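Thanks for making time this morning. I would like to take you through one structure, beginning with its aromatic side chains and then turning to its sheet.

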Amino acid sequence: MSARAHPRHGTVMALVHEIIARHHAEPGNLLQILREVQAVLTHIPEEAVRAVATGLWIPLTQVKGVIDFYTFLYDAPRGEYDLLLSDCVIDEFRGGRALAEALCRRLDVALGATRADGRVSVAPTSCTGLCDQGPALLVNGYAMPGLSQERIDSMAPLIEGRVPLSAWPPAWFHLDEGLQRAGRLLSTALPSGLALRKAIELGGNVILDALRRSGLRGLGGAGYSLARKWQASAAACAGERSVVCNADEGEPGTFKDRLLLRRYGDLVFEGMTLCARVIGARQGFLYLRGEYLCLLNDLESLLERRRQAGLLGNDILGTPGFDFDIAIHVGAGAYICGEESALLESLEGKRGVPRKRPPYPVTHGYRQHPTVVNNVESFAHAAQIAVYGPEWFRQCGTLDSPGTKLLSVSGDCARPGIYEYPFGTMVAEVLSDCGAGAPQAVQIAGAAGHCVPPSEFNRRLAFEDLPTGGAFMVFGGERDLMAVVRNFTHFFVHESCGFCVPCRVGTSLIKDLIEKVYRGNGSELDLEEIRRLAHLVQRTSHCGLGHTAPNVVLDTLEKFPEVWRDRLRVTAFEPAFDLDGALAAARKLTGRDDREAHL
């Protein structure tokens, strides 16, 4: 880790050619190539854009389109120290906004800008996956939890002195694992290679049958049968196949994959390789969210150890024809890439725009070949089931939701962190375990999930009741739920890929009306219009982002109506634009504040 500067070993052109050669001039590696160019130059200048397009034999517009799409790619200079502060609502409630302002004052730079001398830039970013130990920020892509005024005062001299990150206190970048409660998955050891030996011994059909009888469902939130997905890919037309692990957990309030990849990465890779044996894949990818760049080196080292142990590469465990390897692709700050088809587009070096389905990835996935996409947690469970059997797995959970689920618990509680529970556990039990007291609401499944009031704390975390990808955000009685709604709505406007009108325009219209209500200028008619737009966005959007973006709006309108009504100024219609308020700046400039200067 170091402060970034212009390359010392030659021109921009030479740098780009060196990086392209390292990636074998593969257009599918476009995002990785651009990330590496930017890591040296702080941004991707026009000269580099043209060199990349020429070197990969792809259109200039494709390169520019990718740079424009991903939040962590820049076409304008950034600071040698690029500081991105999480604006997740949990960080906001912990004083994140005030700390961002203090940091900008201390460094004499505006939020969202690069200082004139090019030394530092400061900007907000979406959830960094550190909600249990925030407020948090990224420094040149590396996660730093526990931001405080004392940290700011210590950090500023290091930046002004151009001290490389490698010389900063290592404790600043230490991430607590945050494990609070281990269940079946996290407390059962599995020796490396044991699941693969079972697959070689028993055959793919037996493994598929075990997965089917286990009832394991995809644990990213959708809950599709893992066995059915693997079976469909295995039965697809002959040709290349791929296995993709979706580690792009960008849902605000979710950070369970951080623990799984740090402590149980070997189990995850075992599950991916098991899948490859079952479906006949030779190529695998771990799509790692850009905010988890700090995990990259350790994961690469783990993959190399598996290769040395004969668990990856050619003739795995001495089995002729069992050839499979895994490459890590790092994202660049696009929440939409958590959607599996958008993730595949990103893997192919494109903008992460969701595909129209059918066809589905199991038959037409990566490069239109059969592809299995599952999340980190699902692959880990699959490896254990191959060894310990479906009956062992079904010993906990419910009939429709067997097994356990990892929860990322954050917010107003005494013990935030990672909790593993059997499916079917009540919300109230989690609240008791994490020391939440008597909160006014819990947001299940992140910004895209549902807001649960105290009257529903007896509901159960299961696909048949409250499904979740893992986020569990607690909001105490002192919190302003309208601030939560506002934060989530701004998040969805920012993260919309812009492909379809309902999501691109609808979320912006909803945001504007919410701003009107939040400022105290709303009416009952505004609430009706918000409801109408929310249902329209849900019904007509192209993908899941649009379908779920209005959830928190509709939930709070229904279950917390007083939160909205307390903000209303009138019950009749009032224009959203305050013209007299907009003229305040002109009155200040002219020094007039008489009656004729007002509307």
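Before I name any cluster I should say what a pair is: rings of Phe, Tyr and Trp, with the six-membered ring taken for Trp, pair if their centres lie within 6.5 Å. Please also keep in mind throughout that what you see is a predicted model. On that definition, Y81, W168, W172 and F173 form one aromatic cluster, and a search of the whole structure finds 13 aromatic pairs. Within the cluster, Y81 and W168 make a stacked pair, with 5.9 Å from centre to centre and 15° between the planes. This pair links distant parts of the chain, since Y81 belongs to strand β1 while W168 lies in the loop between α7 and β6, 87 residues apart. Y81 is buried, at a relative accessible area of 0%, and W168 is buried as well, at 1%.

A further pair is formed by W230 and F379, whose ring centres are 6.4 Å apart and whose planes stand at 35°, so the pair counts as tilted. Here too distant parts of the chain are linked, W230 being in helix α11 and F379 in helix α16, 149 residues apart, and both W230 and F379 are buried.

Helix α16 brings us to the sheet, because helix α16 packs on it, touching β7 and β10, with a direction that makes about 100° with that of β10. The sheet is open and has four strands in the order β9-β8-β7-β10, with parallel pairing; β9 and β10 are the edge strands, each pairing on one side only, and the twist averages 20° from one strand to the next.

Which residues stand opposite C245? On one side, C245 faces L286 in β8, and C245 also stands opposite N374 in β10. Strand β7 pairs with β8 over six bridges and with β10 over five bridges, while β8 and β9 pair over six bridges, G284 having I326 as its bridge partner in β9. Strand β8, helix α14 and β9 together make a right-handed β-α-β unit.

Why is β8 largely enclosed by the rest of the structure? The reason is that five of its six residues, which run over 283–288, are buried. Helix α13, for its part, lies across β7, β8, β9 and β10, running at about 150° to β7.

Finally, two arginines deserve a mention: the charged end of R277 sits over the ring of F322, 5.0 Å from its centre, and R289 lies over the face of Y292, at 5.1 Å from the ring centre.

Technical notes: Residues numbered from 1 in each chain as written. Predicted model: local features only at pLDDT ≥ 70, side-chain atom pairs only at ≥ 80, totals over all residues. Heavy atoms only, no water. Buried < 20%, exposed > 50% of the residue type's maximum accessible area, 1.4 Å probe, protein only. Helix = DSSP H or I, 4+ residues; strand = E, 2+ residues; numbered from the N terminus. Pairing = 2+ DSSP bridges. Right-handed = clockwise from strand over helix to strand, strands pointing away. Axes fitted to C-alpha atoms, helices over the stretch in contact; angles between N-to-C directions. Contact = heavy atoms within 4.5 Å. Phe/Tyr/Trp six-rings, centres within 6.5 Å; stacked < 30°, edge-to-face > 60°. Lys NZ or Arg CZ within 6 Å of the ring centre and 35° of its normal.
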